[in-house]
Amino acid sequence: MITSTKRVTADKPEVRISFSLDDPSELKDAEEQFPSFPDLEQRLQPVLPCQSLKESVQVYRDHCKMAREFHQVKTEIALLEDRKRELMAELAEDERVTLEIARLEEEFRLLTEENRTLVTVYTERTQQLATLRVTNQKRQGSS
């Protein structure tokens, strides 16, 4: 068991802190009693309360609660930013696909129009060929 006693100022009572490294449950209790908040800047870390003043203990508890809420909000923001990046990537992909679809639809429209033109020309040439054959047969039959 390690015990430390210190008087902060002459007019304040001594502050005594005790802990043992032998019993892990005591160490866990100390961690729960004085949690750390690595997300917070050093200047925003909760200051240990003066145990003899209820108001100090309450302010410390409120500060710890706000620090935990801050950590939770910060975590949620990080998750939402990740989700936003995922959605932005999906949106960019969807826009790329939409442009590709529009390009393919235009290409299909042009090819369909060209096909109709070719079918019309084929039909006309087939009719002309048939007419020429008939005309040719009449010429050969009359000669």
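This is a guided tour of the structure above, stop by stop, with something to select at each one.

**Stop 1: the whole chain**

Start with everything in view. You are looking at a predicted model. The protein chain holds two helices and two strands, and if you walk from the N terminus, the elements come in the order β-β-α-α. Of its 143 residues, 7% count as buried. Now think about contacts between residues at least 6 apart in sequence: 25% of them join residues at least 24 apart.

**Stop 2: colour by confidence**

Switch the colouring to pLDDT. The average over the protein chain is 84, and 76% of the residues score at least 70. Where is confidence lowest, and where is it highest? Select helix α1, residues 24-33, for the low end, with a mean of 46. Then select α2 for the high end, at 96.

While you are at the low end, select residues 21-31. Here pLDDT stays under 50, and the model has four contacts for this stretch beyond four places in sequence. Please read this part of the picture with that score in mind.

**Stop 3: the long view of α2**

Select residues 54-142, which make up helix α2. How far apart are the C-alpha atoms at its ends? Set a distance between them and you should find 129 Å. At 1.5 Å a residue, a helix of 89 residues should span 132 Å, so the two values agree.

Next, look for the buried residues of α2: they are V57, Y60, C64 and A67. Show their side chains as sticks to see where they sit along the helix.

**Stop 4: two cysteines and an arginine**

Pick C64 from that set. Its relative accessible area is 3%, so C64 is buried, being under 20%. Compare C50, which is partly exposed at 29% relative accessibility. How many disulfides does the structure have? The count comes to zero.

Now select R61, also in helix α2. Is R61 buried or exposed? With 53% relative accessibility, R61 counts as exposed. Add L48 to the selection: R61 and L48 are 13 residues apart in sequence, and their C-alpha atoms are 9.7 Å apart in space.

**Stop 5: Q45 in the loop**

Move to the loop between α1 and α2 and select Q45. Is Q45 buried or exposed? Its relative accessible area is 17%, and the cut-off for buried is under 20%, so Q45 is buried.

Which residues does Q45 touch, leaving out those up to four places away in sequence? Show F37, P38, L40 and H63 around it. Zoom in on F37 in particular: the backbone oxygen of F37 lies 2.4 Å from a polar atom of the Q45 side chain.

**Stop 6: salt bridges**

The whole structure contains nine salt bridges. Here are some to visit.

- Select D82 and R85. Their side chains form a salt bridge, with 2.3 Å from N to O. Both residues belong to helix α2 and sit three residues apart, about one turn of the helix. D82 is partly exposed, at 37% relative accessibility, whereas R85 is exposed, at 52%.
- Select E93 and R96. This salt bridge has an N to O distance of 2.7 Å. Again the two residues lie in helix α2, three residues apart, about one turn of the helix. E93 is partly exposed at 38%, and R96 is partly exposed at 47%.
- Select E124 and R125. Their side chains meet in a salt bridge at 3.9 Å, N to O. R125 is partly exposed, with 45% relative accessibility, and E124 is partly exposed too, with a relative accessible area of 38%.

Why can residues three places apart in a helix face each other's way? An α-helix has 3.6 residues a turn, so residues three or four places apart point the same way.

**Last stop: a linked set**

Finish by selecting E100, R103 and E107 together. What links these residues? They are joined in a network of salt bridges. Turn the view around them, then zoom back out to the whole chain to end the tour.

Notes: Residues are numbered from 1 along each chain as its sequence is written. This is a predicted model: local features need pLDDT of at least 70, side-chain atom pairs count only at pLDDT 80 or more; totals for chains, interfaces and linings use all residues. Side-chain values use heavy atoms; hydrogens and water are left out. Helices (H or I, at least four residues) and strands (E, at least two) are DSSP runs, numbered from the N terminus. The expected span of a helix is 1.5 Å times one less than its number of residues. Buried means under 20% relative accessible area, exposed over 50%, partly exposed in between (1.4 Å probe, protein chains only). pLDDT is the predictor's confidence in each residue, from 0 to 100. Contact means heavy atoms within 4.5 Å. A polar contact is a pair of N or O atoms within 3.5 Å; within protein, one must be able to donate a hydrogen and the other to accept it, and residues adjacent in sequence count only if both atoms are side-chain atoms. A salt bridge is a side-chain nitrogen of Lys or Arg within 4 Å of a carboxyl oxygen of Asp or Glu. A disulfide is a pair of cysteine sulfur atoms within 2.5 Å.
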